[in-house]
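Welcome, and please open the model in your viewer. We will go from place to place, selecting something at each stop and looking at what is there.

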Amino acid sequence: MSPKYTLPPLPYAYDALEPVISQQIMQLHHQKHHQTYITNLNAALDAQTTALATNDIPALLSIQQKLTFNGGGHINHSLFWRNLAPYNSPATDIARSAPTLQRALEQQWGSVERFTAAFGAVLLGLQGSGWGWLVSVGGPGGKLEIVSTKDQDPVVGGKVPILGVDMWEHAYYLQYLNNKAGYVEQIWKVINWVEAEERYTKGVDGAALLKL
């Protein structure tokens, strides 16, 4: 049997992000949506083991999409929980918690405000479901880029995810309804800049943070 992935605990209480993200959303998002990706990933890994043992090539090919979607969902959400912090906590203050990253953002975009505006434009430009990411390229302290990924595709290609924002409707709809712009504006109040600074300065790939 393949190793089993399990749901990582949140590093804060379900209501810690209020009023930006409600306790109800966090519970559903973590306990139901993220858990479903993990359950389906484990099932796909078991199916892959069986297909490899029997040299079932058609089955192996069909399993790849399930591995990408559910494995990506597990990676993305595991990163997402860690790049959020309780409302009004010190970690949400970029000047205090991410001086190196702040300088890099200011150098590239002119100011943190211009960066968040550019990031927000990418988030609101997503059609359907997906994620927006600040990534670095070229190792620790590398060049910064804003990118998006569709559905649950993870960040790949040597890019390090510094922070990501989930733009699937289940991440905000119960609270913000069709006001995606409100969600995009408010989420900066619960970004964990301590985590972002660490990812930027250490250059740790997203998949490397995933634990069984």
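## Two domains

Begin with the whole chain: the C-alpha centres of domain 1 and domain 2 lie 23 Å apart. Keep in mind that this is a predicted model. To see the two parts, colour residues 23-83 as domain 1 and residues 90-209 as domain 2, following the domain assignment of the chain.

## Where the domains meet

Now turn the view to the boundary between the two colours. How many residues of domain 1 are in contact with domain 2? There are 17, and they touch 27 residues of domain 2. The size of an interface is often given as the accessible area lost when the parts come together. Here, domain 1 and domain 2 bury about 1,800 Å² between them, and carbon and sulfur atoms account for 62% of that area. Select Ile 25, Arg 82 and Asn 83 next: of the area that domain 1 buries against domain 2, these residues supply 35%, more than any other three residues.

Stay with Arg 82 and add Glu 195 to the selection. The pair forms a salt bridge, and its closest N and O atoms are 3.5 Å apart. Across the interface of domain 1 and domain 2, the rule finds one salt bridge. If you show polar contacts as well, the count between the two domains is twelve residue pairs, with both residues at pLDDT 80 or more.

Which elements give two or more residues to the side of domain 1 that touches domain 2? They are α1 (23-53) and α2 (57-82). Highlight α2 in particular, since that helix gives the most to this side, with ten residues.

## The sheet

Move on to the strands. Select β1, β2 and β3 together: they form an open sheet in the order β2-β1-β3, with antiparallel pairing. At the edges you will find β2 (143-150) and β3 (159-166), each of which pairs on one side only. Looking along the sheet, you can follow how neighbouring strands are turned against each other, by 25° on average with direction ignored.

Zoom in on β1 (residues 130-137) and β3, which run antiparallel and are joined by seven bridges. To view one residue pair from these two strands, pick Val 137; its bridge partner in β3 is Lys 159.

## A helix across the strands

For the last stop, keep the sheet visible and add helix α4, residues 99-109. What does α4 lie across? The helix lies across β1, β2 and β3, and runs at about 85° to β2.

Definitions and conventions. Residues are numbered from 1 along each chain as its sequence is written. This is a predicted model: local features need pLDDT of at least 70, side-chain atom pairs count only at pLDDT 80 or more; totals for chains, interfaces and linings use all residues. Side-chain values use heavy atoms; hydrogens and water are left out. Two strands pair if DSSP finds at least two bridges between them. Helices (H or I, at least four residues) and strands (E, at least two) are DSSP runs, numbered from the N terminus. Axes are lines fitted to C-alpha atoms, for helices over the stretch in contact, and angles run from 0 to 180 degrees between N-to-C directions. Contact means heavy atoms within 4.5 Å. Domain bounds come from an automatic or database domain assignment. Buried area is the accessible area (1.4 Å probe) that two parts lose on being put together, summed over both. A salt bridge is a side-chain nitrogen of Lys or Arg within 4 Å of a carboxyl oxygen of Asp or Glu. A polar contact is a pair of N or O atoms within 3.5 Å; within protein, one must be able to donate a hydrogen and the other to accept it, and residues adjacent in sequence count only if both atoms are side-chain atoms.
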